[in-house]
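Me: I am new to this structure and should be grateful for a close look at a single part of it, followed outward into its surroundings. Please explain each term when it is first used.

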Amino acid sequence: MKTFLRVCFAFGFSLWVGIAQAQSLDKKIGQMLMVSFSGTSSSDKAVSDALELANNGLISGVIFYAGNVKNPVQVKELTNAFNSTKGVLPLFVAIDQEGGKVQRLRTKNGHKSYPSARSFGLKGSLEKAYESYFEMACMLNFAGFNLNFGPVADLHSNKSAIIGKLDRAYSSDPSQVIAFASSFVQAHRDCGIITSLKHFPGHGNALKDSHKGFVDVTADWTTEELLVFEALIASDYADMMMIAHVFHRGLDPDHPASLSNKIVDGLLRKRNNYDGVAVTDDLGMGAIKDHYSFKEKILKAIEAGNDLLLIGASQKEKGSVAANAMKVIHEAIAEGRITERRIDQSFQRIKRLKDQFLTPIIPRVKPTQL
């Protein structure tokens with residue numbers, strides 16, 4: 001009888017350990033996933049689904065797009081709901097707020113609009129840029145955001161449809177871009193907002209838009225574009241690094257930057273000693289979704305060395321993209337394509353960043369109170 005009880009206890013204990021380990025792995029994988037959502041209220045199904053994922057520790061963060069923003073009261077109620085979730089780590093609550101053409105919070109939805117990067121670059125006042133960015137960052141803080149996908153650290157080119165022609169880059173002079181991007185990052189840090197440099201290894205000379213399809217920069221990209229990112233990493237102004245979907249056959253003849261081990265792990269991490277969080281540009285953009293299956297883009301992004309996978313709502317996937325990504329990653333681990341050690345590397349980088357900026361969460365204060 002005693003022997004039988006010992007066997008039962010041992011079996012039960014091993015089963016419990018196995019379940020606990022599986023749950024722990026789920027939550028580590030979850031920290032690698034950032035999703036978008038449709039809706040503007042916590043009563044909307046897509047929002048409540050995202051809140052449930054966050055409460056269960058199965059996503060690392062959410063990104064707000066223009067369709068999620070109606071007015072200041074609505075935005076704050078929605079960010080409060082996400083900031084109140086009880087996952088493994090505090091949630092990234094992210095937005096694209098560069099200023100100029102790319103700012104989700106703007107005058108038309110009851111917020112203040114801010115100048116473009118190019119306008120600051122042309123006027124050349126770092127002091128005014130810092131003041132404007134500090135005010136913008138504090139507006140984000142008060143609205144409930146803790147991560148801004150900016151600044152654009154690309155070089156300006158009038159030929160670029162998605163960067164230069166939208167005035168998203170400061171200058172064609174690397175030293176000027178470094179100075180203004182540093183000001184953007186510092187202003188945000190001073191108001192408790194994480195930033196993400198974009199778009200490594202450089203999108204400024206790209207003639208086409210990676211939102212719409214494949215973008216080959218082989219003939220147009222210059223090493224000057226890389227200098228900006230290298231300088232900002234060296235001076236510790238890279239909280240997070242967003243990887244572009246651009247293709248450069250000289251850097252990797254097979255894959256775009258966001259899915260390239262040669263570029264993310266090799267060029268970014270090994271050559272530039274960057275051990276911070278690398279985040280993909282939205283994997284729902286045309287440059288990726290038109291050429292890779294859901295499974296392959298998830299796995300190649302991880303194999304490349306990315307930590308945070310940004311998965312937008314433009315997926316033609318049935319069910320939750322987070323659940324589907326979780327399933328794909330689990331299967332890859334079981335098959336030996338991805339190791340648990342690789343997942344843990346990303347988890348530790350994300351945890352370190354969140355511990356630095358999000359615990360405890362910065363009190364939300366009105367910009368006028370500062």
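Reply: Two strands count as paired if DSSP finds at least two bridges between them; strands (E, at least two residues) and helices (H or I, at least four residues) are DSSP runs, numbered from the N terminus. The model is predicted, with local features requiring pLDDT of at least 70 and side-chain atom pairs pLDDT 80 or more, while totals for chains, interfaces and linings use all residues. Residues are numbered from 1 along each chain as its sequence is written, and side-chain values rest on heavy atoms, without hydrogens and water.

The part chosen is an open sheet of three strands, in which β8, β9 and β10 follow one another in that order with parallel pairing. β8 and β10 (277-280) form the edges; each has a single partner strand, so one side of each has no neighbour in the sheet. On average, neighbouring strands of this sheet are turned by 30 degrees against each other, direction ignored (axes are lines fitted to C-alpha atoms, for helices over the stretch in contact, and angles run from 0 to 180 degrees between N-to-C directions). Two bridges pair β8 with strand β9 (residues 240-243) in the parallel sense, and L197 has M241 in β9 as its bridge partner.

Strand β8 spans residues 197-200 and includes H199. The peptide bond leading from K198 to H199 is cis, with omega near 10 degrees. A further cis peptide bond runs from F200 to P201, with omega near 5 degrees; P201 belongs to the loop between β8 and α7. Most peptide bonds are trans, and most residues other than glycine have a negative phi. D167 is not a glycine, yet its phi is positive, about 60 degrees; this residue sits in the loop between β6 and α6.

The helix α7, at the far end of the loop that holds P201, packs against another helix. Helix α6 (residues 174-189) and helix α7 (residues 223-234) meet at an angle of about 35 degrees, their axes lying 9 Å apart. In this contact (heavy atoms within 4.5 Å), P174, V177, I178, A181 and S182 of α6 face E224, L227, V228, A231 and L232 of α7. Eight of the contact residues are nonpolar, one is polar and one is charged; Ala, Val, Leu, Ile, Met, Phe, Trp, Tyr, Cys and Pro count as nonpolar, Asp, Glu, Lys and Arg as charged, and the others, Gly among them, as polar.

Strand β6, which precedes the loop holding D167, belongs to another open sheet. Its six strands are ordered β7-β6-β3-β2-β1-β11, with parallel pairing. At the edges stand β7 (194-195) and β11 (309-311), each with a single partner strand, so one side of each lacks a neighbour in the sheet. Within this sheet, strand β3 (residues 92-95) and strand β6 (residues 147-148) run parallel and are joined by two bridges. Opposite A94 stands L147 in β6.
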